Amino acid sequence: MLVDIKNITCSYKNHIALTDVSLSADAGEIIVCIGPNGAGKSTLIRAIAATIPLQNGHIHVDNHEISQLAASQRAQLIAVVPQTVIMPAGFTVREVVAMARYAFHPWYQHHTGHDDQIISYAMAQAGVAHFADTPANQLSGGEQQRVAFARAIAQQPKVLLLDETTAHLDLHHQHAIINCIKALAQCGVLVIAAMHDINLAASFATRVCVLQKGHLLADGAPATVLNQSFLEQVYQTPLKVVPQADHPTPLFLLQH
Amino acid sequence: MQYAVSQIKRLRDWRGAAYLLALTLCVSCMLVAIVVGSVAIPINTVIVVLWHWLRNIPETVIPSNLVTIIVTIRLPRVVMVMCAGAALGGAGAAYQGLFRNPLADPYVIGVASGAGLGAISAVALGGALAFAWYLMPLGAFVGALVVVGLVYLLARGNAQYTNNDLILAGVALAALANALTTYIMLNIGRQLSQLLGFLLGGATIVGWDAVGLMVVSVVIGMTMLLIAARDLNVLLFPEEQARFLGINVVRIRALVVIGATLMTATAVAFHGLIGFVGIIVPHSVRLFVGGDHRRLIPLSACYGAVFLLLADMLARTIQSPQEIPVGIVTACCGAPFFLWQLRTTKKAA
């Protein structure tokens with residue numbers, strides 16, 4: 001197992017965000033976590049990236065207890081695309097993507113031609129290569145998000161974590177990013193994504209996890225997990241279901 | 001943070017030129033600064049004397065009083081001024097990166113005032129009889145570290161730290177430190193004019209041993225900043241994202257705080273409270289070479305040295321033979337610059 005999460009509990013100052021969650025996943029899977037606001041999706045992402053402490057349980061990635069790893073070792077294993085990324089002034093897109101390679105070298109070493117290739121490849125994958133030399137902070141929100149995605153790819157991670165990454169993207173770029181995620185998974189990258197769009201999740205996930213109030217309610221193939229009565233109960237909202245001829249899961253829409 | 005970066009791409013081609021220009025300006029301004037003074041010394045004489053002095057060969061042709069003026073008065077002062085400028089420029093660039101705030105500068109966040117209080121307290125405690133120069137940098141470093149620590153803790157509070165809190169905490173602590181400094185000065189009494197000169201900024205102490213200490217602290221401070229420079233780029237993103245990218249946030253922050261504070265403290269101890277060098281210089285440099293701290297910090301130090309040297313020359317000559325504190329010159333250039341920067345930052349936000 002590439003990622004092995006055993007009985008983890010996490011909490012913020014005065015509320016518990018995750019309760020006794022266990023999950024294990026293998027290379028090449030695309031796992032999408034869905035659930036209402038505050039269900040613990042982002043907390044799960046943070047826990048795997050080891051930026052919040054666990055109160056209970058443990059997480060192994062590639063047979064390493066993640067809290068035992070040095071920050072730079074962790075960054076060579078796990079990459080995260082955060083919900084929103086605001087680019088600082090004074091850096092081109094290429095320079096921002098190059099930050100992914102910092103963890104691979106000590107401070108006195110300049111990055112190599114090999115790093116340059118990885119950076120260029122990552123920019124091409126995320127569709128930001130044509131503004132490589134533009135100041136990153138002058139791009140639109142969606143473009144900045146894609147730069148963050150390129151930076152995560154340039155870390156060449158074994159585990160890629162996405163926190164609402166596609167939320168700010170237009171349809172064309174959502175499609176492009178999802179194709180890119182599928183390609184990465186085929187190369188053996190484990191992708192774990194937190195997401196609100198159930199239909200988008202169903203279209204590309206190999207597994208869907210449903211979280212509610214910090215509990216993992218369901219975990220399985222999209223076609224088995226995503227059914228009307230269960231989702232209506234989780235979201236406390238009546239849904240309309242539209243079957244699709246060419247896809248095993250139906251579309252879930254709000255009832256008017 | 002919004003800088004005028006629309007032309008970054010075109011200006012990036014000037015990176016190499018920026019280093020070359022910095023070096024040329026440093027050397028030429030240094031020579032001019034030795035030439036200019038109450039007794040003007042011809043530049044070829046200056047070069048000959050320096051050449052012999054560097055090779056440690058006695059010089060016989062040039063009158064010995066000129067040699068004395070150059071080697072024991074002007075040269076140490078010029079080196080001291082350049083080191084102080086480099087310290088303030090480099091520290092300013094580092095603090096701006098650390099606090100993710102384009103207005104952070106050793107003066108604005110109160111570190112310089114803390115160093116001033118520490119230095120004055122050291123003098124007061126060290127006995128008002130001798131101007132205990134060697135106690136000042138130590139006191140200044142302690143004072144500056146206390147202020148940095150307090151600013152950090154106050155701004156951090158219980159929640160996640162935010163940058164505006166940090167600047168406001170710095171302003172409040174600077175006011176307190178300045179008030180205490182004035183109180184101690186009034187009580188020392190005797191050397192009021194000398195101490196006033198210290199508060200306004202001016203090269204008060206220029207023995208070769210003081211210069212040596214200044215050079216050492218700039219070398220140590222700059223080394224720490226250059227070690228941290230690359231990873232400081234990532235700290236421009238929120239702390240959590242920096243950790244996603246594999247940065248040891250605590251280590252980098254510690255390196256930057258100690259390095260920048262050490263340089264600020266010695267600059268204040270030997271050269272008084274000089275404002276705005278740490279804000280004018282890094283901003284101007286950033287326009288030409290971008291935000292990468294690996295270039296920004298060393299170039300800010302170089303141009304800081306040049307800037308303070310020019311300001312010091314102006315301060316020496318504008319009312320010659322009387323000398324005005326260099327802090328007045330830098331404040332006259334810096335305050336309008338700061339206000340302009342404040343406006344552009346506000347517009348961007």
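**Exercise 1. How many helices and strands does the secondary structure of chain A come to?**

Solution. Keep in mind that this is a predicted model. Going along chain A, you should arrive at nine helices and twelve strands. Next, look at the overall build: the radius of gyration of chain A is 19 Å, close to the 18 Å that the globule rule gives for 256 residues, so chain A is as compact as a globular protein of that length. Along the principal axes, its C-alpha atoms fill a box of roughly 55 × 40 × 35 Å. Finally, 42% of the 256 residues are buried.

**Exercise 2. Find the hairpin made by strand 1 and strand 2 of chain A, and work out how these strands are joined.**

Solution. Start with strand 1, residues 3–11, and strand 2, residues 16–25. Four residues lie between them in the hairpin. The two strands run antiparallel and are joined by six bridges. Now check the partners: Asp4(A) is bridged to Ser24(A), and Ile5(A) to Leu23(A).

**Exercise 3. In what order do the four strands of the open sheet in chain A stand, and which are the edge strands?**

Solution. Step across the sheet and you will read the order 2-1-4-5, with antiparallel pairing. The edges are strand 2 and strand 5 (64–65), since each of them pairs on one side only.

**Exercise 4. Which strands of chain A does helix 1 lie across?**

Solution. First locate helix 1 at residues 41–48 of chain A. Then follow helix 1 over strand 1, strand 2 and strand 4 (56–61). To finish, compare directions: helix 1 runs at about 60 degrees to strand 2.

Terms used: Residues are numbered from 1 along each chain as its sequence is written. Chains are lettered from A and ligands numbered from 1 in the order in which they are written. This is a predicted model: local features need pLDDT of at least 70, side-chain atom pairs count only at pLDDT 80 or more; totals for chains, interfaces and linings use all residues. Two strands pair if DSSP finds at least two bridges between them. Two residues are in contact if their C-beta atoms, placed from the backbone, lie within 7 Å. Axes are lines fitted to C-alpha atoms, for helices over the stretch in contact, and angles run from 0 to 180 degrees between N-to-C directions. The radius of gyration is taken over C-alpha atoms; the globule rule is 2.2 Å times the number of residues to the power 0.38. A residue is buried if 20 or more other C-beta atoms lie within 10 Å of its own, exposed if 12 or fewer, and partly exposed in between; C-beta atoms are placed from the backbone.
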